[in-house]
Structure formats: C-alpha cells, structure tokens
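Work through the following exercises with the model open beside you. Each task is followed by a solution that goes step by step.

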Amino acid sequence: MTGIFKVSDPGERVGSAVTALAVLDKASKDITSGLSKDPELQGQMMYVMGVAYLNLGLYSRAQSLLEGSVNLESAALGREHPETLLVMQQLGWTLFQEGHFADAERLQRRVYDARRRVLGPDDDKTLSITSDLANNLDAQGNHAEAEKLEREVFNRRTRTLGPEDAGTLSSMDTLAVILLGENRLAEADALESQALAIQRRLHGDENLNTIHYMMNEDAIQGLMGRDNEQSLRQLLGLQRRILGPDQPET
C-alpha cells in the first residue's frame, strides 16, 4: 500500500499535482507482483481497482483487472463463492458496456443461476444480476425476456424495499428503457417521469443517477416528437460540469 502512494514522491514524478488516476494506474501495474504470495488478497485488490476503472469509463483496463480477479478468486475460493460471483457480475457488466453482449450474457446467466439457487429470488444480489441480464437482453433486441425479468425485479423491490428505494428507482428506469425499445412510448414515459421526479426530490439534479434518468427521459421525449432541445442543452452542460467532457455519458 505504501508503494502505491510513492508516486507522490517528488523524485518519482514531474509537476506539482498527482491525480487519483495516476495513483490507480501505478497500483494496477504493481498489483501482479506486489501480492503474488497472497492470491486471494491480490484478487480482491484487482476487483477494487477494476471497479474503479469501470466507474471512470475506462473499460478495457477494468476488463483486464476483473478477468485476473475472476481467475484468482475462482482458484482460491471456488467458482460459486459469493466473492467470485460478485467479480464475475462486474466483469459481465464491463463486457456489456464494451458491446461484447454475448460474452457478457454467458457470465451473467452463470451468476444469475447460481444466485437464484443459493440465495433465492428475493435476495438483493439475485435481483441485481437479474437487472444486469435484462439490460443486456434488451440491448440485443430480446425485449420480451428482458421485460419479464425486469418486471420481476421491479415488483420484488417495490414489495421488499419500497417505492422510493434506490434499487426500486433503478429498476423502474431500466423497465422504462426496455419499454422504449418495444416502442411503448407512453408506458415508458409514465415510468421514467415518475422515477425522475422521485429521484430529483430525494437527491437533486447533480446526483449521478438523476443525470442518468434525465438522459433517458429526454430520449423518450424526443422519440415522442416533443421539442426537448433546451432540456438536452441544459443536461449536456450539467454533464460537462459534473462528469467532465470525456466521460462516456457526456
């Protein structure tokens, strides 16, 4: 850990500022040798760094680390250990973000089957991978199965977590996007506008989930033929300020 932060030593850098990304880049290079005698911990650290890259939109770097983590965690803990399944889920989501839908689906179905069998259908981890799989199926044009899976998630979360829980709102948003793919615009608009209104009231406009829901609501509005240019310009300005110009959603 102390070696990771040695990047802040003036003898090891040029310039006066050290970014979080620079620290992360150094750590990801050192991780393969620095923890070689403790593969379980090495796998856990690869997972943490992989998710950090994923959240930054740096998907190829995330994929490499998460693949390494899956291999290490599988060997140390087993293919169906909860920690291994967690890493596999994040790897599946990374592959989905890269457009490798078939590879992502294979991983997601493996995690989905294992969690339903071990944890049951109501467990939040089961619902999380179900929603990931629904997103992927929707992107591949399999709207019917995607809608079936996401409605199950939405109904279970509404019942167990309540209508204003973050997971419930996320599922509402995902279901709206699936309905949009089925060209059921009025239903999609009703769900998305409801999710956005609750999200805004609870968290404000500068929350990352709020921004995501605003994007989807604007997409629906555009497809419904409504003039949403002003709203899109406001959203773009907000994204540039909050997320930065190079973030994928911007």
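**Exercise 1.** Determine whether Trp-93 is buried, partly exposed or exposed, and establish which rings it is linked with in a cluster.

*Solution.* Begin with accessibility, where buried means under 20% relative accessible area, exposed over 50% and partly exposed in between, with a 1.4 Å probe and protein chains only. Trp-93 has a relative accessibility of 22% and therefore counts as partly exposed, while Phe-96, at 13%, counts as buried. This is a predicted model, in which local features need pLDDT of at least 70 and side-chain atom pairs count only at pLDDT 80 or more, whereas totals for chains, interfaces and linings use all residues. Residues are numbered from 1 along each chain as its sequence is written, and side-chain values use heavy atoms, with hydrogens and water left out.

Next, take the rings: those of Phe, Tyr and Trp (its six-membered ring) pair if their centres lie within 6.5 Å, and planes under 30 degrees apart count as stacked, over 60 as edge-to-face and the rest as tilted. By this rule there are 2 aromatic pairs. Trp-93 and Phe-96 make a tilted pair, with 4.9 Å from centre to centre and 40° between the planes; both residues lie in helix 4, 3 residues apart, about one turn of the helix. Helices here are DSSP runs (H or I, at least four residues), numbered from the N terminus.

Then follow Phe-96 to Phe-101: the ring centres are 5.7 Å apart and the planes stand at 45°, so this pair is tilted. Phe-101 has a relative accessible area of 27% and is therefore partly exposed. The ring pairs thus link Trp-93, Phe-96 and Phe-101 into a cluster.

**Exercise 2.** Check the length of helix 4 against its expected span, and find which helices its buried residues pack against.

*Solution.* The expected span is 1.5 Å times one less than the number of residues. For the 16 residues of helix 4 this gives 22 Å, and because the end C-alpha atoms are 23 Å apart, the two values agree.

The buried residues of helix 4 include Leu-85, Met-88, Leu-91 and Phe-96, and the buried residues of this helix pack against helix 2, helix 3, helix 5 and helix 6. Just after helix 4, Gly-99 takes a positive phi of about 90°.

**Exercise 3.** Identify which members of the largest nonpolar core touch the most other members, and which helix supplies the largest share.

*Solution.* A nonpolar core is a set of buried Ala, Val, Leu, Ile, Met, Phe, Trp, Tyr and Cys residues joined through side-chain atoms within 4.5 Å. The largest one has 22 residues, of which Met-88, Leu-91 and Leu-149 touch the most other members. Helix 2, helix 3, helix 4, helix 5, helix 6 and helix 7 each supply at least two of its residues, and the largest share, 6 residues, comes from helix 4.

For Leu-91, count contacts (heavy atoms within 4.5 Å): leaving aside neighbours within four places in sequence, Leu-91 touches Gln-63, Leu-66, Glu-67, Val-70 and Leu-107. Apart from this core lies another, of 19 residues, among them Met-172 and Met-214.

**Exercise 4.** State where Asn-183 is found and what is notable about the sign of its phi.

*Solution.* Asn-183 is found in the loop between helix 8 and helix 9. Most residues other than glycine have a negative phi. Phi of Asn-183, however, is near 65°, a positive value. With 58% relative accessibility, Asn-183 counts as exposed.
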